[in-house]
Amino acid sequence: MQVTGSASGFACLLERARAGGGRVGLVPTMGSLHAGHLSLAKRARCADDLVALTIFVNPLQFGPGEDLAQYPRDPEADLEAAEAAGADLVFAPDEAEMYPDPPLVSVGVGVLGQVLEGASRPGHLEGVATVVAKLFALAGRTRSYFGEKDYQQLLVVRRLVKDLSFPVEVVACPTVREPDGLALSSRNARLSPTERGAATALVRGLEAGREALRRGAGELAEVEAAMAAVVEAEPLARLDYAAVRRDGDLSLPERLEGRVRLLAAARVGPVRLIDNLGLRIGGEAPA
Ligand code: AMP
């Protein structure tokens, strides 16, 4: 496995792989790799000739007062894990390499950047879109792998590709969970054992929403209240939102039918966690 911190080196290696007839798989991450990230790399390994994983904790997507300084970092373990998952190349630039000048130009994401995560973290999704656009510009033609765990981010990336015509095929990968249902996240490492137990409130809330729909709940508010009640019953969790939205664009469903997404965010101890479930009303769809 090759490792580079150089943006031009990264671009050249991918270009060379394509010139030799290879297909390139790209897995963008912020490191502190866990089995969720590695599932993306393994999926790429099955489909692509060269698998490139990127590691960059992108300051643009952290707001003032957020956890940029505390974000878990473990570069040595990351390289071992990336290699074990089958990556051929890791691009791990420092901030000066990615942003030699304070960025002046950024990518706006409209209403998708204003609801849910966008409402709670103003500028976050624009920061994501900007760094992903930069990675796509460096990487060229790729198949790029993103987790459904960050569902709104996945939608933003899909629109980024469509609206700005990047030569990228976006592949959505299912959320990897702990045996008790908690979605894997780099931030889970910052939870104390008690907080770790409390963190399952998020997925239990989503499951309560799914149950309410299965039982035939007809009102959006009823489903959202069922989700919120479970999270709020956990003393260590502070609910941010529990929402039912239309799958694909996160708009408010006029009627509870077809494909919907249940999404929730809560603060547990020092970290803010998000999770979601996709389902089809009148027949569950894979998440
Ligand atoms: P991050 O390092 O948190 O920016 O995540 C990098 C990529 O891994 C994103 O596409 C995430 O959606 C994906 N990812 C993070 N956690 C999981 C998970 N538990 N299951 C599947 N994909 C994940």
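Student: Which element gives the largest share of the lining of the largest cavity?

Tutor: Let's start with the general idea. Rolling a probe the size of a water molecule over the atoms shows where empty space is left. In this predicted model, the largest share of that cavity's lining comes from β9, with three residues.

Student: How many cavities of 30 Å³ or more does a search of the whole structure find?

Tutor: The search finds one. The largest cavity holds about 50 Å³ of space. Two elements, α9 (201-214) and β9 (271-281), each give two or more residues to its lining.

Student: Which residues line the largest cavity, and how do they divide by class?

Tutor: You can pick them out in the viewer: K149, L182, A183, S185, N188, L202, V203, L273, I274 and D275. By class they divide into six nonpolar, two polar and two charged residues.

Student: Let me take one of those. Where is S185 found, and is S185 buried or exposed?

Tutor: S185 is in the loop between β6 (168-173) and α8 (193-198). Its relative accessibility is 16%, so S185 counts as buried, the cut-off being under 20%. The S185 side chain also reaches the backbone nitrogen of R187, at 3.1 Å.

Student: Now the pockets. How much space lies in the second largest pocket?

Tutor: About 330 Å³. The lining of this pocket is made up of 18 residues, and those nearest its centre are I55, F56, V57, R73 and P93.

Student: Which helix gives the most to that lining, and what is the make-up by class?

Tutor: Helix α3, residues 75-84, gives the most, with three residues. In the lining of the second largest pocket there are eleven nonpolar, two polar and five charged residues.

Student: On to the ligand. Which residues come nearest to it?

Tutor: A good way to read a ligand site is to go from the shell to the individual contacts. There are 17 residues around the ligand, and M30, H37, D150, V176 and L184 come nearest. By class, the shell has eight nonpolar, seven polar and two charged residues.

Student: Which elements supply at least two residues of that shell?

Tutor: They are β2 (24-29), α2 (35-47) and β5 (142-147). The largest share comes from α2, with three residues.

Student: What polar backbone atoms lie 2.9 Å from an oxygen atom of the ligand?

Tutor: One belongs to M30, and another belongs to G147. The ligand's nitrogen side has a partner as well: a backbone N or O atom of L184 lies 2.9 Å from a nitrogen atom of the ligand. As for cover, the ligand taken alone exposes 480 Å², and the protein buries 93% of that.

Student: H37 was in the list of nearest residues. Where is H37 found, and is H37 buried or exposed?

Tutor: H37 is in helix α2. H37 has a relative accessibility of 13%, so H37 counts as buried. If you want a sense of scale, compare H37 with A119: they are 82 residues apart in sequence, and their C-alpha atoms are 26 Å apart in space.

Student: How should I read backbone torsions? Which sign of phi does S32 have?

Tutor: The general idea first: most residues other than glycine have a negative phi. S32 has a positive phi of about 55 degrees, although S32 is not a glycine. S32 lies in the loop between β2 and α2. With 15% relative accessibility, S32 counts as buried.

Student: What is phi of L116 near, and where does L116 lie?

Tutor: Phi of L116 is near 50 degrees, again a positive value in a residue other than glycine. L116 lies in the loop between α4 (95-98) and α5 (117-120). Its relative accessible area is 8%, which means that L116 is buried.

Student: One last residue, Q61. What is its place, and which side chain does the side chain of Q61 join in a polar contact?

Tutor: Q61 sits in the loop between β3 (50-55) and α3. The polar contact joins its side chain to that of N58, at 3.0 Å. Q61 has 9% relative accessibility, so Q61 also counts as buried.

Note on methods. Residues numbered from 1 in each chain as written. Predicted model: local features only at pLDDT ≥ 70, side-chain atom pairs only at ≥ 80, totals over all residues. Heavy atoms only, no water. Near = heavy atom within 4 Å. Polar contact = N/O pair within 3.5 Å; in protein donor to acceptor, adjacent residues only side chain to side chain. Areas by Shrake-Rupley, 256 points an atom, 1.4 Å probe, with all protein chains shown as cover. Helix = DSSP H or I, 4+ residues; strand = E, 2+ residues; numbered from the N terminus. Nonpolar A, V, L, I, M, F, W, Y, C, P; charged D, E, K, R; others polar. 1 Å grid on protein atoms, 1.4 Å probe; cavity = no way out; pocket = protein on both sides within 12 Å on 5 of 7 lines; lining within 4 Å. Points joined across faces, edges and corners; volume = space filled by probe spheres on them. Buried < 20%, exposed > 50% of the residue type's maximum accessible area, 1.4 Å probe, protein only.
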